[in-house]
Amino acid sequence: MTTETPDSVAKLIAEWRRERPDIDASPVGVQGRTMRLSAHFLRHSETWLAPLGLGWEAFSLIVTLRRSGKPYEMRPTDLLAESLLTSGAITNRIDKVAALGLVERRPDPRDRRGAIIRLTPAGRRLADRAIADHFSGVDGLLGVLSSSERRQLAGLLEKLLGAFEQTPKPAKTP
């Protein structure tokens, strides 16, 4: 598939085809574009979250709690599994968002060593505003695609991500 405007990954693939015609560089087209698009989406998201006093991690945490439904609370491990965050230092992220008054820690009645993270009323109001701004911003970024193209792309990405999520994670190499 070609695009009207070649992108930076098309150039990369063309260079590999020139330098190593014996290998198929086309799979890197999916990986490279996915990685670069992810970085672009994150950068743009930060621009519309910043006026709300949020970064991506705080945003992801409060909107995950918001979409969980009443009473807008989860255990930290569930928050990690359901959010678009990575596992590194989830406790510190929760602490930072709690310091902003957007969430509070409560004892977990099922595990006396655990905690429940609950969205505060201020956190809910901010989550509602932030998610509306986010959806609008992402819609604008996708403006180059027709509705049909968006559905097709979403379906293909869903298929690919679903396959990855069903596959055991590879062992880490030293």
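Start by selecting Thr64, which sits in helix α3 of this predicted model. Show whatever touches Thr64, skipping its neighbours within four places in sequence, and you get Met74, Leu79, Glu82 and Ser83. Is Thr64 buried or exposed? Its relative accessibility is 3%, so Thr64 counts as buried, the cut-off for that being under 20%.

**Next stop: α3 against α6**

Keep α3 on screen (residues 56-67) and add helix α6, residues 121-141. Their axes come within 9 Å of each other, crossing at roughly 110 degrees. Angles of 65 to 115 degrees count as roughly perpendicular, and therefore that is the label for α3 and α6.

Now turn on the side chains where these two helices meet. From α3, pick Trp56, Phe59, Ile62, Val63 and Arg66. From α6, pick Gly123, Arg124, Leu126, Ala127, Asp128, Ala130, Ile131 and His134. Colour that contact by class and you should find eight nonpolar residues, two polar ones and three charged ones.

**Down the loop: Lys70 to Tyr72**

Follow the chain out of α3 into the loop that leads to β1 (73-74), where you'll find Pro71. Zoom in on the peptide bond from Lys70 to Pro71: what is its geometry? It is cis, with omega near 10 degrees.

Step along to Tyr72, in that loop between α3 and β1. Check its backbone: phi is positive, about 60 degrees, even though Tyr72 is not a glycine. For background, most residues other than glycine have a negative phi, and most peptide bonds are trans. Switch to a surface view and Tyr72 counts as buried, at 10% relative accessibility.

**Over to the strands: Asp108 and Asp111**

Select Asp108 in strand β2, which covers residues 103-108. This aspartate is buried, with a relative accessible area of 5%. Which residues does Asp108 touch, leaving aside its neighbours within four places in sequence? Light up Arg75, Gly114, Ala115 and Ile116.

Then hop to Asp111, in strand β3 (residues 111-119). Here the accessibility is 30%, so Asp111 counts as partly exposed. While Asp111 is selected, draw a distance to Ala25. The two are 86 residues apart along the chain, and their C-alpha atoms are separated by 51 Å.

**Zoom out**

Finally, go back to the whole chain as a cartoon. You should be able to pick out seven helices and three strands. Walking from the N terminus, the order is α-α-α-β-α-α-β-β-α-α. The radius of gyration is 20 Å, well over the 16 Å that the globule rule gives for 174 residues, so the chain is more spread out than a compact globule. Line the C-alpha trace up with its principal axes and the spans are about 60 × 40 × 25 Å.

Colour by burial and 24% of the 174 residues count as buried. The surface comes to about 12,600 Å², with carbon and sulfur atoms supplying 58% of that exposed area. For a last look, try a contact map: among contacts with a separation of 6 or more, 47% are between residues 24 or more positions apart.

Technical notes. Residues are numbered from 1 along each chain as its sequence is written. This is a predicted model: local features need pLDDT of at least 70, side-chain atom pairs count only at pLDDT 80 or more; totals for chains, interfaces and linings use all residues. Side-chain values use heavy atoms; hydrogens and water are left out. Axes are lines fitted to C-alpha atoms, for helices over the stretch in contact, and angles run from 0 to 180 degrees between N-to-C directions. Helices (H or I, at least four residues) and strands (E, at least two) are DSSP runs, numbered from the N terminus. Angles under 35 degrees count as roughly parallel, over 145 as roughly antiparallel, 65 to 115 as roughly perpendicular and the rest as oblique. Contact means heavy atoms within 4.5 Å. Ala, Val, Leu, Ile, Met, Phe, Trp, Tyr, Cys and Pro count as nonpolar, Asp, Glu, Lys and Arg as charged, and the others, Gly among them, as polar. The radius of gyration is taken over C-alpha atoms; the globule rule is 2.2 Å times the number of residues to the power 0.38. Buried means under 20% relative accessible area, exposed over 50%, partly exposed in between (1.4 Å probe, protein chains only). Accessible areas come from the Shrake-Rupley method with a 1.4 Å probe; for residues, only the protein chains shown count as cover.
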